[in-house]
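Work through the following exercises with the sequence and the model beside you, and try each task before you read its solution.

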Amino acid sequence: MEYIKSKIRDVYDFPSKGIVFKDLTTAFKDPRCLHIIGWDLSQIYRDKGVTKVVGIESRGFIGGSILAFELGAGFVPARKPGKLPADTVSETYQKEYGTDTIEMHRDAITPDDIVVLHDDVLATGGTMAAAYNLVKSMNPKKIYINFIIEITALNGRANLPADAEVTSLIKY
Ligand code: AMP
C-alpha cells in the first residue's frame, strides 16, 4: 500500500483553488503499481459472485475495467449526459456550485446482477450516491461500492446509503 501511495501525485489548486487533487495517472502508468491496484481491488470481491462492475466516467473506467476483468464480470459505464447511444436512465445531483447529471443504459443492469460500483476517489460522495440510485432503480440483487482512494476529511461516506458496503484501498 505504501508503494501505491508513493506513486499518487498531489496536484495543488486543481481544478480550482484550495483543492488538493489526488492524481492517479502517476500510479496507473507504473506497471507494478497498476498490477497491485488491480490485484488488491479484486481480492476484496473475489468470493462475492460479482457479475457487473459499474465504472464512473472517466477515471472510474480504468480501475473498474481491471476489476471486472479480474473478477470475470462484465463492465458497465456510468457517463456524463448525452454520451451513451441507446435508451438511458439519468440522475441529477447537487454539486458545490450547481448540479450535475450521470446516465446509464436502461438495460445495463438486471435483477440477477451483483454489482460493484467503482470510482477512483471518494470526495463528497455526491457522484457515487447518484450512481447508486441509478443502479438501485434497476433492482440488482446486491450493490457494493468501491474506491481506490478515500479522502476521509470530506466524510463522503455520510452521503452514501447506509445499507451499502463501502470499501477503499487507501485512506487519506
Ligand atoms: P465527489 O465529490 O465524491 O462527488 O467527487 C466527484 C468526482 O471528482 C469523483 O469522480 C472524484 O473522482 C473526483 N474528485 C473529487 N475530489 C477529488 C480530489 N481531491 N482528487 C481527485 N479526484 C477528486
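**Exercise 1.** How many nonpolar, polar and charged residues does the lining of the largest pocket have?

*Solution.* Bear in mind from the start that this is a predicted model. As a beginning, take the whole lining of the largest pocket, which is made up of 36 residues. Next, sort these residues by class, which gives 17 nonpolar, 9 polar and 10 charged residues. To find the middle of the pocket in the view, look for Phe21, Arg59, Lys95, Ala123 and Thr127, since these are the lining residues that lie nearest its centre. The volume of this pocket is about 1100 Å³.

**Exercise 2.** Determine which strands and helices contribute to the lining of the largest pocket, and which of them gives the largest share.

*Solution.* Begin with the strands: β2 (20–23), β5 (88–94), β6 (99–105) and β7 (114–122) each supply at least two residues of the lining. Then add the helix α5 (126–136), which likewise supplies at least two. Finally, compare the shares, and you find that the largest one, with 4 residues, comes from β7.

**Exercise 3.** Locate the ligand, and describe the residues around it and the polar atoms that approach it.

*Solution.* The first step is to place the ligand, and the space that it takes is the largest pocket itself. The elements β2, β7 and α5 are those that give two or more residues to the shell around the ligand. In total, 13 residues surround the ligand, and the closest are Asp119, Asp120, Thr124, Gly125 and Thr127. Sorted by class, this shell divides into 5 nonpolar, 4 polar and 4 charged residues.

The second step is to examine individual atoms. A polar atom in the side chain of Asp119 lies 2.6 Å from an oxygen atom of the ligand, while a side-chain N or O atom of Thr127 is also 2.6 Å from a ligand oxygen. Val20 uses its backbone instead, with an N or O atom 2.9 Å from a nitrogen atom of the ligand. On its own the ligand has 480 Å² of accessible area, of which the protein covers 84%.

**Exercise 4.** Find the cis peptide bonds that join Phe14 to Pro15 and Glu57 to Ser58, and then examine the phi angle of Asp13.

*Solution.* Recall the usual pattern before you begin: most peptide bonds are trans, and most residues other than glycine have a negative phi. Against this background, the bond between Phe14 and Pro15 is cis, with omega about 0 degrees, and Pro15 is found in the loop between β1 (9–12) and β2. The bond from Glu57 to Ser58 is cis as well, with omega near -15 degrees, and Ser58 lies in the loop between β3 (52–56) and α4 (60–71). Lastly, Asp13, which is not a glycine, has a positive phi of about 60 degrees, and Asp13 lies in the loop between β1 and β2.

How values were computed
Residues are numbered from 1 along each chain as its sequence is written. This is a predicted model: local features need pLDDT of at least 70, side-chain atom pairs count only at pLDDT 80 or more; totals for chains, interfaces and linings use all residues. Side-chain values use heavy atoms; hydrogens and water are left out. On a 1 Å grid over the protein atoms alone, a cavity is a set of points where a 1.4 Å probe fits but cannot get out, and a pocket is an open set with protein on both sides within 12 Å along at least five of seven lines; lining residues have an atom within 4 Å of a point. Grid points are joined across faces, edges and corners, and a volume is the space filled by probe spheres set on the points. Ala, Val, Leu, Ile, Met, Phe, Trp, Tyr, Cys and Pro count as nonpolar, Asp, Glu, Lys and Arg as charged, and the others, Gly among them, as polar. A residue is near a molecule or strand if one of its heavy atoms lies within 4 Å of it. A polar contact is a pair of N or O atoms within 3.5 Å; within protein, one must be able to donate a hydrogen and the other to accept it, and residues adjacent in sequence count only if both atoms are side-chain atoms. Accessible areas come from the Shrake-Rupley method with a 1.4 Å probe; for residues, only the protein chains shown count as cover. A molecule sits in a cavity or pocket if more than half of its atoms lie within 2 Å of its grid points.
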